[in-house]
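Biologist: Please take a close look at the charged patch on the surface, and then at what surrounds it in the fold.

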Amino acid sequence: MPGSKHKKILIIGSSGAGKSTFSKQLAKKWDLPLVHLDSLYWNEGWVPVSKDEFIEKVKKKLEDDQWIIDGNFNSTLEWRVKYADLIIFLDFRRTLCTYRVLKRVWKHNGKTRDDMASGCNEKLDWDFLKFVWGFPSKVRPTILKVLSEAGKSRDICILRNPKELKTFLNTVSPVK
């Protein structure tokens, strides 16, 4: 994949895998608009939008001509996969993801990251930590099933560690 014709890129993976950081780097390198699902889902103070409102927001973004969308949200995964021409799955170890989540909380505690909705200050709770730890056994199988079905009509790239991610960023360029 020395040059990429992709204009609709979906980046998925566990919390802590680095989806937001990677998507920012890729959006800058490929000059594509970036959408963070967390910023569509959360209102100030970690109040979620309604399911219908979230679905409408996602559908509206999917209709754009080009984008990079990062985030999990299994409720809209199949739609996002149908629109994407490239799906990148950051399939990193649970220990690395958990470590990164803890590091992120330490670094940003009480502040809102730029990939989040305004007023969603970084925090950590036990349920979120259990979600991150359980991702490989509870969420990953569903993602792999969806990717297996989509692989016939979409390009899929599974990156298994930070070294593979860095290699991807350094070697793949958009086709102009």
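Modeller: Buried means under 20% relative accessible area, exposed over 50%, and partly exposed in between (1.4 Å probe, protein chains only). This is a predicted model, in which local features need pLDDT of at least 70 and side-chain atom pairs count only at pLDDT 80 or more, while totals for chains, interfaces and linings use all residues. Residues are numbered from 1 along each chain as its sequence is written, and side-chain values use heavy atoms, with hydrogens and water left out.

The patch is negative and is made up of Asp52, Glu56, Glu63, Asp64 and Asp65. Patch members have over 30% relative accessible area and no salt bridge, and like charges are joined within 9 Å; a salt bridge is a side-chain nitrogen of Lys or Arg within 4 Å of a carboxyl oxygen of Asp or Glu. Aspartate 64 sits in the loop between helix H3 (51–62) and S6, and counts as partly exposed because its relative accessibility is 37%. Helices (H or I, at least four residues) and strands (E, at least two) are DSSP runs, numbered from the N terminus.

Beyond S6 (67–70), the loop that leads to helix H4 (77–83) holds phenylalanine 73. This residue has a positive phi of about 45° although it is not a glycine, and it is buried, at 18% relative accessible area. Aspartate 31, in the loop between helix H1 (19–30) and strand S3 (34–36), also has a positive phi, near 55°, but it counts as exposed, with 59% relative accessibility.

Definitions and conventions:
Patch = residues over 30% accessible without salt bridge, like charges linked within 9 Å, V, L, I, M, F, W, Y side chains within 5 Å. Areas by Shrake-Rupley, 256 points an atom, 1.4 Å probe, with all protein chains shown as cover. Lys, Arg positive; Asp, Glu negative; His and termini not counted. Charge placed at Lys NZ, Arg CZ, Asp CG, Glu CD.
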